[in-house]
Amino acid sequence: MRLKDCHNFHDFRRLARRRLPGPVFNYIDGGADDEVTLRRNTSAFDRVDLVPNVLRGVADVDLSVTVMGQKLALPFYLSPTALQRLFHPQGERATAASAARLGTMFGVSSLGTVSMEELAQRYPQTPQVYQFYFHRDRGLNRAMMQKAKDSGIKVMMLTVDSITGGNRERDLRTGFSIPFRLTLSGLLQFAVKPMWGINYVTHEKFSLPQLDAHIDMKGDSLTIGRYFTEMLDPSMTWDDVAAMVADWGGPFCLKGVMSVEDARRAADIGCGGIVLSNHGGRQLDGSRTAFDQLEAVVQAVGDRLDVMIDGGIQRGTHVLKALSLGAKAVGLGRAYLFPLAVAGQRGIDRAMDLLVAEITRDMKLMGARSIGDLGRANVVAR
């Protein structure tokens with residue numbers, strides 16, 4: 001199976017599984033506990049049907065949207081995700097280049113493997129989000145925000161559903177962590193994929209540039225798992241976030257909001273957007289899906305801030321269902337991470353081109369000339 005044989009999310013996932021060592025593939029693919037929420041994130045879309053209109057003159061389709069003041073050519077963006085150079089040597093450089101080519105937004109994670117400054121300098125016209133976590137060290141939080149501001153990043157995204165790490169049992173079985181502390185089984189899975197190892201040792205040394213200046217991740221002192229449980233602050237409150245929103249002074253987004261009450265609080269403290277998210281099913285297993293919460297949240301606060309969702313989006317029809325229920329845009333994670341693992345930027349470009357073609361075709365079949373033509377009348381719950 002080659003890149004040209006990949007036609008959808010499942011094809012890219014299968015090819016990534018062939019190319020990545022088991023522990024790395026399972027880190028991308030897995031969720032928390034029994035992975036119930038991970039599975040429901042996609043199946044939730046099957047519980048809603050699209051209702052198309054006809055004879056609407058759809059020779060030309062406009063897919064552009066505006067999110068938190070950022071004009072995007074497409075109604076999806078590439079969500080900030082961690083450790084991308086583990087999956088392919090190009091890592092976030094491939095993600096940013098593909099987003100720039102598409103004219104959409106991309107995010108850089110606190111656990112990213114390329115610096116936000118480099119990417120902001122290389123793609124100054126491409127909307128960029130910096131995603132960060134709330135640390136016990138308040139000075140560190142201020143320093144990271146200032147660094148993002150100095151880099152020219154416009155949108156700050158605080159992840160609020162990860163004050164401690166989820167129970168990701170696939171990683172426990174293989175011993176996956178950063179630095180690597182693999183079990184014998186995990187080591188054997190690396191041994192049968194030698195090309196990954198060759199790429200890992202012959203390319204730029206692995207690092208976490210957003211954190212390297214502040215936290216020692218190089219020795220045995222701190223793993224990624226311990227970073228979540230020891231460095232992040234579970235005592236974070238709405239007052240803390242309100243102070244950060246005021247400090248930032250620009251578009252501020254909360255990622256991981258799920259309840260209507262929390263959505264209202266986010267609007268009250270001046271957030272410009274929220275991402276309904278359960279962290280790809282990687283945190284609280286059994287939690288509600290973002291898609292299932294979307295309509296209620298949009299009805300409550302959709303006129304006060306921009307509501308986005310992520311989690312489980314694999315098809316153009318999934319995107320249209322979310323937009324019809326009022327999402328301003330949707331975030332993609334695994335949908336570009338598997339293609340990244342397969343072929344770097346070439347992989348992401350192919351996957352995203354296929355998705356754009358799907359959305360364009362589906363918009364025409366829905367009788368929608370622009371995203372604004374989609375609405376609640378276009379979806380019916382079973």
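**View 1. In this predicted model, β8, helix α14 and β9 form a right-handed β-α-β unit.** Helix α14 covers residues 260-268, and the two strands it links run parallel, with four bridges joining β8 to β9 (residues 273-276). To find your place in this pair, look for V257, which stands opposite L276 in β9. On strand β8 there is a second partner to look for: β7 (residues 155-159) pairs with β8, again in the parallel sense and over four bridges. Here M157 is a handy landmark, as M157 stands opposite C253 in β8. Strand β8 itself (residues 252-257) is mostly covered, with six of its six residues buried.

**View 2. Strand β5 is covered on both faces.** Follow the side chains along residues 106-109: F106 and V108 are on one side, G107 and S109 on the other, and all of them are buried. The neighbour to look for is β6 (residues 128-132), which runs parallel to β5 and is joined to it by four bridges. Within this pair, G107 stands opposite V129 in β6. Between the two strands, the chain passes through helix α6 (residues 116-122), and this β-α-β crossover is right-handed.

**View 3. The cysteines of this model form no disulfides: the whole-structure search finds zero.** A good place to check is C271, which is in no disulfide. The nearest cysteine sulfur to that of C271 belongs to C253 and lies 7.5 Å away, whereas a disulfide would call for sulfur atoms within 2.5 Å. C271 counts as buried, at 3% relative accessibility. C6 is buried as well, with a relative accessible area of 0%. While you are at C253, recall that this residue of β8 is the one that stands opposite M157.

**View 4. The largest pocket holds about 820 Å³ of space.** Of the 42 residues that line it, I28, L38, G280, R282 and R334 are the closest to its centre, so to speak the best starting points for a tour. Several elements give two or more residues to the lining of the largest pocket: the helices α1 (9-19), α2 (22-29), α3 (36-43), α12 (224-231) and α17 (334-366), along with strand β11 (329-332). By class, the lining of the largest pocket divides into 16 nonpolar, 16 polar and 10 charged residues.

**View 5. The largest cavity has a volume of about 150 Å³.** The structure holds three cavities of 30 Å³ or more, and this view stays with the largest of them. Its lining is made of 16 residues, and those nearest the centre are N8, F9, Q314, A351 and L355. Two helices, α1 and α17, each supply at least two residues of this lining. Helix α17 gives the most, with eight residues. The lining of the largest cavity has 11 nonpolar, three polar and two charged residues.

**View 6. L55 and L83 each have a positive phi without being glycine.** The phi of L55 is near 55°, and that of L83 is about 60°. L55 lies in the loop between β1 (48-50) and β2 (65-67). For L83, look in the loop between β4 (76-78) and α4 (84-87). Their surroundings make a nice contrast: L55 counts as exposed, at 85% relative accessibility, whereas L83 is buried, with a relative accessible area of 1%.

**View 7. Helix α16 is largely enclosed by the rest of the structure.** This description rests on a count along residues 316-324, where eight of the nine residues are buried. Reading along the helix, the buried residues are G316, H318, V319, L320, K321, A322, L323 and S324. Just beyond this stretch, have a look at G326, which follows α16 and has a positive phi, near 110°.

Technical notes:
Residues are numbered from 1 along each chain as its sequence is written. This is a predicted model: local features need pLDDT of at least 70, side-chain atom pairs count only at pLDDT 80 or more; totals for chains, interfaces and linings use all residues. Side-chain values use heavy atoms; hydrogens and water are left out. On a 1 Å grid over the protein atoms alone, a cavity is a set of points where a 1.4 Å probe fits but cannot get out, and a pocket is an open set with protein on both sides within 12 Å along at least five of seven lines; lining residues have an atom within 4 Å of a point. Grid points are joined across faces, edges and corners, and a volume is the space filled by probe spheres set on the points. Ala, Val, Leu, Ile, Met, Phe, Trp, Tyr, Cys and Pro count as nonpolar, Asp, Glu, Lys and Arg as charged, and the others, Gly among them, as polar. Buried means under 20% relative accessible area, exposed over 50%, partly exposed in between (1.4 Å probe, protein chains only). Two strands pair if DSSP finds at least two bridges between them. A crossover is right-handed if, with the strands pointing away from the viewer, the path from the first strand over the helix to the second runs clockwise.
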